[in-house]
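Please open the model in your viewer, with the sequence panel beside it, and keep a selection tool ready. The stops below each say what to select next and what is to be found there.

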Amino acid sequence: MDRETIGRLGEDAAADWLEGHGYAVLERNWRYGRYEIDIIAERDGELHIVEVKCRAADGLTRPEEAVTPAKFSALRRAAEEYISQRGVDADTRFDLVSVTHSGGKFEVKFVPEAMLPEW
């Protein structure tokens with residue numbers, strides 16, 4: 001599988017996991033200019049901005065290590081625009097879904113509040 005296919009399948013696995021755990025997926029791959037939010041979900045009245053990182057199980061780095069301060073800053077900017085455009089009035093959480101793949105199988109790990117915004 002090529003990198004794009006693996007990324008898409010990893011995001012599918014992340015969305016499936018979220019829905020299976022009571023999250024309503026509102027948007028996928030929401031874009032604002034050069035910024036993108038992988039998944040926007042809602043659960044219990046809270047908005048969840050979800051970054052998905054997918055890596056090979058035998059890779060040198062874990063998916064969690066790919067969320068840099070610059071990436072989080074971009075996510076925060078995109079989230080601010082989404083909230084403004086949609087008129088969202090809810091607590092907002094920034095979560096991470098770490099997906100590892102091996103042999104066509106995907107393992108999902110949810111990291112709640114992986115990033116803490118300073119609005």
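## Starting at the end of a helix

Begin by selecting Gly 87, which follows helix H2 and has a positive phi, near 65°. Bear in mind throughout that this is a predicted model.

Now extend the selection back over H2 itself, residues 69–86. This helix has 18 residues and reaches 26 Å from its first C-alpha to its last, close to the 26 Å expected at 1.5 Å a residue. Colour Phe 72, Ser 73, Ala 74, Leu 75, Ala 78, Ala 79, Tyr 82 and Ile 83, which are the buried residues of H2, and then display the strands they pack against, namely E1, E2, E3, E4 and E5.

## The other helix

Select H1, residues 3–20. With 18 residues at 1.5 Å a residue, H1 should span 26 Å, and because its end C-alpha atoms are 25 Å apart, the expected and computed lengths agree. Its buried residues are Ile 6, Gly 10, Glu 11, Ala 13, Ala 14, Ala 15 and Leu 18, and these pack against E1, E2, E3, strand E4 (92–102) and strand E5 (105–115). Just after H1, pause at Gly 22, where phi is positive at about 90°.

## Two hairpins in succession

Next, select strand E1 (residues 24–32) together with strand E2 (residues 35–43), which pair in the antiparallel sense over seven bridges. To find your place in this pairing, pick Val 25 and look across to its bridge partner in E2, Ala 41. The hairpin has two residues between the strands, and Gly 33 takes a positive phi there, near 60°.

While E1 is still highlighted, click on Asn 29, which lies in that strand and has a positive phi near 55° although it is a residue other than glycine. Asn 29 counts as partly exposed because its relative accessibility is 33%, a value between the 20% and 50% cut-offs.

Then add strand E3 (residues 46–56), which pairs with E2 in the antiparallel sense over five bridges. Here the residue to pick is Ile 39, whose bridge partner in E3 is Val 50. The hairpin of E2 and E3 also has two residues between the strands, and in this hairpin Asp 44 takes a positive phi near 50°.

## Beyond E3

Continue along the chain to Ala 57, in the loop between E3 and H2. Leaving aside residues up to four places away in sequence, Ala 57 touches Thr 100, His 101 and Ser 102. Draw a distance from Ala 57 to Phe 106 as well: the two are 49 residues apart in sequence, yet their C-alpha atoms are 9.0 Å apart in space.

From there, move to His 101 in strand E4. Is this residue buried or exposed? His 101 is buried, because its relative accessible area is 17%, and the cut-off for buried is under 20%. Apart from residues up to four places away in sequence, His 101 touches Ile 6, Cys 54, Arg 55, Ala 56, Ala 57 and Phe 106.

## Strand E5

Select Glu 113, which lies in strand E5 and shows a positive phi near 45° in a residue other than glycine. With a relative accessibility of 41%, Glu 113 counts as partly exposed.

Ala 114 lies in strand E5 too, and its relative accessible area of 37% makes it partly exposed. Among residues more than four places away in sequence, Ala 114 touches Phe 94, Asp 95 and Leu 96. If you also select Glu 65, 49 residues from Ala 114 along the chain, you will find the two C-alpha atoms separated by 11 Å.

## Last stop: the largest pocket

Finally, switch on a surface and look for the largest pocket, which holds about 600 Å³ of space. Of the 21 residues that line this pocket, Gly 7, Glu 11, Val 52, Lys 53 and Cys 54 are the closest to its centre, so select those five to find it. The elements that give two or more residues to the lining are H1, E2, E3 and H2. Colouring the lining by class will show seven nonpolar, three polar and eleven charged residues.

Methods:
Residues numbered from 1 in each chain as written. Predicted model: local features only at pLDDT ≥ 70, side-chain atom pairs only at ≥ 80, totals over all residues. Heavy atoms only, no water. Pairing = 2+ DSSP bridges. Helix = DSSP H or I, 4+ residues; strand = E, 2+ residues; numbered from the N terminus. Contact = heavy atoms within 4.5 Å. 1 Å grid on protein atoms, 1.4 Å probe; cavity = no way out; pocket = protein on both sides within 12 Å on 5 of 7 lines; lining within 4 Å. Points joined across faces, edges and corners; volume = space filled by probe spheres on them. Nonpolar A, V, L, I, M, F, W, Y, C, P; charged D, E, K, R; others polar. Expected span 1.5 Å × (residues − 1). Buried < 20%, exposed > 50% of the residue type's maximum accessible area, 1.4 Å probe, protein only.
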